[in-house]
Amino acid sequence: MTWFTFLVDNLLCRCLGISITVWFTLLFFCTIVPAVLGVSFGMRRLYMATLLKIFEWATLRMEMGAKEKNQELYKPYSSDIIAKEPSSSLLQEFQELRGSASCLSSEPEFELADIFYFCRRGMETIVDDDVTKRFSAQELQNWNLLTRSNNNFRHISLRLTVLWGLGVLIRYGVLLPLRVTLAVTGISLLLVLTFLVAFLPNRELRSYLSEKVHLMCYRICVRALTAIITYHNRENKPQNGGICVANHTTPIDVIILANDGCYSLVGQVHGGLMGMIQRAMVRSSPHIWFERSEVKDRHLVAKRLGDHVADKTKQPILIFPEGTCINNTSVMMFKKGSFEIGCTVYPVAIKYDPRFGDAFWNSSKFGMVNYLLRMMSSWAIVCSVWYLPPMNREEGEDAVQFANRVKAAIAAQGGLVDLIWDGGLKRAKVKDAFKEEQQKLYSKVLVGEMDQNQSDDKHSQDDNPEDANNRN
């Protein structure tokens, strides 16, 4: 019996050793080597096409199962496509309310009916809120076999349940271990190789090898997410001495862009693993990391950015002017700081395909580790990147106007909704200046200082509070 147990244990160890050897051999030759060489065998695109066929079949079965059970499937819609009727002027709306409430003439004095104007505007804002819905996951028309997109569809039929269970097994049993291995490999190589490159005395050789190391490691990390990226208009890629600005959906936006070219990154100094990566990167290439106290000093930030872009040998700076992640449907207000430097700006539009996995990072709901786990357990990350023609600040144009022009170009190219609201509303309350503006307008109505034309102008500013938003 002892001899038999020893034989079985020896056989299992040999099989395990062979499996591990085969695993790492396939990983090395099928993923790491192509990443180093910057080539692709087309397996990821074949994988994407296969998934689309499966999703179509699952959607068909889902609709058939729902009909058999007399259930109505939830079909999300986008309120952005609903045309809004033009608003009346502020003075006109108050006159209409007062006229319907009493037979008295609309004199410049307080009437109880005025309250209904503010109640109605408040309810309209709650029903069709352009801000808070940009910080939640994007809704899908069809099910992608992920319970995070819909937790009930898998119960519609037995076939869908089996297909969903098989998908869970593949995602967590095969894809997740493979992706974690690739991510650890990419990060480890980045830490070790940038540390070694930093000791090279020749600056040109150090810059050249640093660029190759960063590209190689970023490409490995892209494969760790099974990212399928389509780059458009590469002739407009950012050049040295400029600033690249892009809309922001997820922290992996950096990896998506750096997979096609190297950038100097700007960010706050972190601790832990992120801090180790930052220190390793800055040894071999000119990234800009700020202390928490320095970030609030706009003049210091502008000076360091200006010094960087003035050196044409340094890589372009990558900045996300929104300052927070938006859910892949919109572009929110760009902070004007990066548009005050006075250099060429290279706009980039990034649009993710939510059918394969939700790339949006809701930082108020998920921590970084939890978010990365959700990303690596999705089917894939599919996105398109558009390099837009370079833009410069025009004569007589201030930084705010320039930022809005760049933002509008990115939104138009990426098929995103162009919003004027500050993404800081994700965590902060509405500024008191907005409330005070409404109080001032109403007080002018009461004292009779607002005529019809002024009311029209003020009302348009109320619907489009861009100037007040940027001033604050």
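These exercises work through rings, charges, surface and backbone in a predicted model.

**Exercise 1. Classify the ring pair of Phe55 and Phe356, and say which parts of the chain it joins.**

Step 1. A pair of aromatic rings is described by the distance of the centres and the angle of the planes.

Step 2. The structure holds seven aromatic pairs. In one of them, the centres of Phe55 and Phe356 are 5.9 Å apart, with 50° between the planes.

Step 3. Planes under 30 degrees apart count as stacked and those over 60 as edge-to-face, with the rest called tilted. The Phe55 and Phe356 pair is therefore tilted.

Step 4. Now place the residues. Phe55 sits in helix H2 (residues 43-68), and Phe356 in the loop between strand E7 (345-353) and helix H11 (368-376). The pair therefore ties together parts that are 301 residues apart in sequence.

Step 5. Check burial. Phe55 has 6% relative accessibility and counts as buried. Phe356 is buried too, at 0%.

**Exercise 2. Do the same for Tyr231 and Tyr387.**

Step 1. The centre-to-centre distance is 6.3 Å, and the planes of Tyr231 and Tyr387 differ by 10°.

Step 2. An angle under 30 degrees counts as stacked. The Tyr231 and Tyr387 pair is stacked.

Step 3. Tyr231 belongs to strand E1 (residues 227-232) and Tyr387 to strand E8 (residues 381-387). The pair links distant parts of the chain, 156 residues apart.

Step 4. Tyr231 and Tyr387 are both buried.

**Exercise 3. Which residue forms one aromatic cluster with Phe55 and Phe356? Then find the charged ends that sit over the rings of Trp379 and Phe366.**

Step 1. Trp379 forms one aromatic cluster with Phe55 and Phe356.

Step 2. Over the ring of Trp379 sits the charged end of Arg171, 5.5 Å from the ring centre.

Step 3. Over the ring of Phe366 sits the charged end of Arg374, at 4.3 Å from the centre.

**Exercise 4. Locate the annotated transmembrane regions, then describe the span 180-200.**

Step 1. The unreviewed UniProt entry places "transmembrane region" at residues 20-43, 156-174 and 180-200.

Step 2. In the model, residues 180-200 are 86% helix and 0% strand. The end C-alpha atoms of this span lie 31 Å apart.

**Exercise 5. Is Phe41 buried or exposed, and which surface patch includes it?**

Step 1. Phe41 lies in the loop between helix H1 (2-37) and H2.

Step 2. Its relative accessible area is 55%, so Phe41 is exposed.

Step 3. Val36, Leu37, Val39, Phe41 and Met43 make up a nonpolar surface patch. Together these residues have about 490 Å² of accessible area.

**Exercise 6. Place Arg44 and give its distance from Arg223.**

Step 1. Arg44 is in helix H2. At 23% relative accessible area, Arg44 is partly exposed.

Step 2. Arg44 and Arg223 are 179 residues apart in sequence. Their C-alpha atoms are 9.0 Å apart in space.

**Exercise 7. Examine the positive phi values of Thr226 and Asn328.**

Step 1. Thr226 has phi near 50°, a positive value in a residue other than glycine. Thr226 is in the loop between helix H6 (203-224) and E1.

Step 2. Thr226 counts as buried, at 11% relative accessibility.

Step 3. For Asn328, phi is near 70°, again positive in a residue other than glycine. Asn328 is in the loop between strand E5 (317-319) and strand E6 (330-331).

Step 4. Asn328 has 5% relative accessibility and counts as buried.

Key
Residues numbered from 1 in each chain as written. Predicted model: local features only at pLDDT ≥ 70, side-chain atom pairs only at ≥ 80, totals over all residues. Heavy atoms only, no water. Phe/Tyr/Trp six-rings, centres within 6.5 Å; stacked < 30°, edge-to-face > 60°. Helix = DSSP H or I, 4+ residues; strand = E, 2+ residues; numbered from the N terminus. Buried < 20%, exposed > 50% of the residue type's maximum accessible area, 1.4 Å probe, protein only. Lys NZ or Arg CZ within 6 Å of the ring centre and 35° of its normal. UniProt positions renumbered as here; feature names shortened; annotations may be inferred. Patch = residues over 30% accessible without salt bridge, like charges linked within 9 Å, V, L, I, M, F, W, Y side chains within 5 Å. Areas by Shrake-Rupley, 256 points an atom, 1.4 Å probe, with all protein chains shown as cover. Salt bridge = Lys/Arg side-chain N within 4 Å of Asp/Glu carboxyl O.
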